[in-house]
Amino acid sequence: MVVAKRTIKNQLTLPKAVVEQAGMADYYDVVCDNGRIVLTPLHPGGAAAARMRLVELGISETDVAEAVIWARRQ
């Protein structure tokens, strides 16, 4: 078990072992699930990086839309 203590300002420091397993992130999605606090690392620049990579590969938004339509028929 890894323990984190809440400060008077409602702040937590994530234990190093947890961050190493989950991966570094500056932002987290936070939800309460049956009394448990669940943090999911977010990477806001991920979508922009993916779009840039698609441009580099010459894949257009139309190509992606057509691929989705094709995949949904399968």
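**View 1. A nonpolar patch on the surface brings together Leu54, Leu57, Ile59, Val64 and Val68.** The five residues of this patch share about 350 Å² of accessible area. Patches are made of residues with over 30% relative accessible area and no salt bridge, where like charges are joined within 9 Å and nonpolar side chains (Val, Leu, Ile, Met, Phe, Trp, Tyr) within 5 Å. Accessible areas come from the Shrake-Rupley method with a 1.4 Å probe, and for residues only the protein chains shown count as cover. One patch member, Leu57, sits in the loop between α2 (46–56) and α3 (61–73). Helices (H or I, at least four residues) and strands (E, at least two) are DSSP runs, numbered from the N terminus. Leu57 counts as partly exposed because its relative accessibility is 48%. The cut-offs here are under 20% relative accessible area for buried, over 50% for exposed, and partly exposed in between (1.4 Å probe, protein chains only).

A word on the model before the next views: this is a predicted model, in which local features need pLDDT of at least 70 and side-chain atom pairs count only at pLDDT 80 or more, while totals for chains, interfaces and linings use all residues. Residues are numbered from 1 along each chain as its sequence is written, and side-chain values use heavy atoms, with hydrogens and water left out.

**View 2. Lys16 and Glu20 form a salt bridge in helix α1.** The N to O distance between these two side chains is 3.9 Å. For a salt bridge, a side-chain nitrogen of Lys or Arg must be within 4 Å of a carboxyl oxygen of Asp or Glu. Side chains of opposite charge can pair when their charged atoms come close. Lys16 and Glu20 are four residues apart, about one turn of the helix. Lys16 counts as exposed because its relative accessible area is 64%, and Glu20 is exposed too, at 57% relative accessibility.

**View 3. Helix α2 holds a salt bridge between Arg53 and Glu56.** Here the side chains meet at 3.2 Å, N to O. The spacing of Arg53 and Glu56 is three residues, about one turn of the helix. How many salt bridges does the structure hold? There are two. Arg53 is partly exposed, since its relative accessible area is 46%, whereas Glu56, with 57%, is exposed.

**View 4. Strands β1 and β2 run antiparallel and make a hairpin.** Seven bridges join β1 (residues 27–33) to β2 (residues 36–42); strands pair if DSSP finds at least two bridges between them. Which residue in β2 is the bridge partner of Val30? That partner is Leu39. In a regular strand the side chains alternate between the two faces of the sheet. Two residues lie between the strands of the hairpin, and Asn34 is found in this loop between β1 and β2. Asn34 has a positive phi of about 50° although it is not a glycine. Most residues other than glycine have a negative phi, and most peptide bonds are trans. Asn34 counts as exposed because its relative accessible area is 76%.

**View 5. Asn10 and Gln11 sit in the segment before α1 (16–22).** Asn10 is not a glycine, yet it has a positive phi of about 60°. Is Asn10 buried or exposed? Asn10 counts as exposed because its relative accessibility is 58%. Gln11 is partly exposed, as its relative accessible area is 47%. Leaving out residues up to four places away in sequence, Gln11 touches Lys5 and Arg6, where contact means heavy atoms within 4.5 Å. From Gln11 to Ser60, 49 residues along the chain, the C-alpha atoms are separated by 43 Å.

**View 6. For context around the close-ups, the chain follows the pattern α-β-β-α-α.** It contains three helices and two strands. The C-alpha atoms fill a box of roughly 50 × 30 × 25 Å along the principal axes. The radius of gyration of the chain is 19 Å, while a compact globule of 74 residues would have one near 11 Å; this radius is taken over C-alpha atoms, and the globule rule is 2.2 Å times the number of residues to the power 0.38. Buried residues make up 4% of the 74 residues. Among contacts between residues at least 6 apart in sequence, 3% join residues at least 24 apart. About 7000 Å² of the chain is exposed, and carbon and sulfur atoms supply 58% of that area.
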